[in-house]
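Me: I'd like to practise reading a structure feature by feature. Could you walk me through one, giving the general idea and then the case at hand?

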Amino acid sequence: MPLKTETNTPKVDARVLAAFLASAYAFGDPATYSTFFEHGQWWVENRDTGAQWSVVDAEGGSSVDGFDFERVTEGEDA
């Protein structure tokens, strides 16, 4: 069975975005965030700053709905 983060479906896409917006990583206008599936996994991007997070399957800690996020690009201040 593939991991959620390796599953490219609209349902998982919606779950990833909802989890990110409920996480401690999201700030400001929720409309600035988008998700995309690339290189076999989900990513979240702040379209205003260019900051990006890789999405990982996780439990406990700071995870939300079975997902956690690792910031991989700082982006620029908007």
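Reply: Sure, let's go from the overall fold down to single residues, keeping in mind that this is a predicted model.

Me: Let's start with the fold. How many helices and strands are there, and in what order do they run?

Reply: The chain has 1 helix and 4 strands. Reading from the N terminus, the order is α-β-β-β-β.

Me: And how does the radius of gyration fit with a compact globule?

Reply: The general idea is to set the value beside what a globule of that length would give. A compact globule of 78 residues would have a radius of gyration near 12 Å, and the chain has 12 Å, so the two agree. As for the outline, the C-alpha trace spans about 40 × 25 × 20 Å along its principal axes.

Me: What share of the residues is buried, and what is the surface like?

Reply: Buried residues make up 31% of the 78. The accessible surface is about 4700 Å², with 51% of it belonging to carbon and sulfur atoms.

Me: Where do the charges sit relative to each other?

Reply: Compare the mean positions of the two kinds. There are 5 positive and 14 negative charges, and their mean positions lie 8 Å apart.

Me: Now the rings. How is an aromatic pair described?

Reply: You give the distance of the centres and the angle of the planes. This structure holds 8 aromatic pairs. One of them joins Phe20 and Phe69, edge-to-face, at 5.1 Å centre to centre with 85 degrees between the planes.

Me: Which parts of the chain does that pair tie together?

Reply: Phe20 belongs to helix H1 (residues 10–22) and Phe69 to strand E4 (residues 67–73), so the pair links parts that are 49 residues apart in sequence. Both rings come from buried residues: Phe20 has a relative accessible area of 0%, and Phe69 has 4%.

Me: Which residues make up the ring cluster?

Reply: Ring pairs connect Phe20, Tyr25, Phe27, Tyr33, Trp53 and Phe69.

Me: Let's try a smaller side chain. Is Ser54 buried or exposed?

Reply: Ser54 counts as buried because its relative accessible area is 6%, under the 20% cut-off. This serine lies in strand E3 (residues 52–57). Beyond residues up to four places away in sequence, Ser54 touches Gln41, Trp42, Trp43, Asp68, Phe69, Glu70 and Val72. Notice Phe69 in that list: you met that residue in the edge-to-face pair with Phe20.

Me: What about Ser62, and which residues does that one contact?

Reply: Ser62 sits in the loop between E3 and E4. At 41% relative accessibility, Ser62 is partly exposed. Apart from neighbours within four places in sequence, Ser62 is in contact with Tyr25 and Asp68. Ser62 and Tyr25 are 37 residues apart along the chain, and their C-alpha atoms are separated by 9.9 Å.

Me: Last one, the backbone. What sign does phi usually have?

Reply: Most residues other than glycine have a negative phi. Here, His39 has a positive phi, near 55 degrees, and Asp65 also has a positive phi near 55 degrees.

Me: Where do His39 and Asp65 lie, and how exposed is each?

Reply: His39 is in the loop between strand E1 (33–38) and strand E2 (41–46), and is exposed at 71% relative accessible area. Asp65 is in the loop between E3 and E4, and counts as partly exposed at 44%.

Technical notes: Residues numbered from 1 in each chain as written. Predicted model: local features only at pLDDT ≥ 70, side-chain atom pairs only at ≥ 80, totals over all residues. Heavy atoms only, no water. Helix = DSSP H or I, 4+ residues; strand = E, 2+ residues; numbered from the N terminus. Rg over C-alpha atoms; globule rule 2.2 N^0.38 Å. Buried < 20%, exposed > 50% of the residue type's maximum accessible area, 1.4 Å probe, protein only. Areas by Shrake-Rupley, 256 points an atom, 1.4 Å probe, with all protein chains shown as cover. Lys, Arg positive; Asp, Glu negative; His and termini not counted. Charge placed at Lys NZ, Arg CZ, Asp CG, Glu CD. Contact = heavy atoms within 4.5 Å. Phe/Tyr/Trp six-rings, centres within 6.5 Å; stacked < 30°, edge-to-face > 60°.
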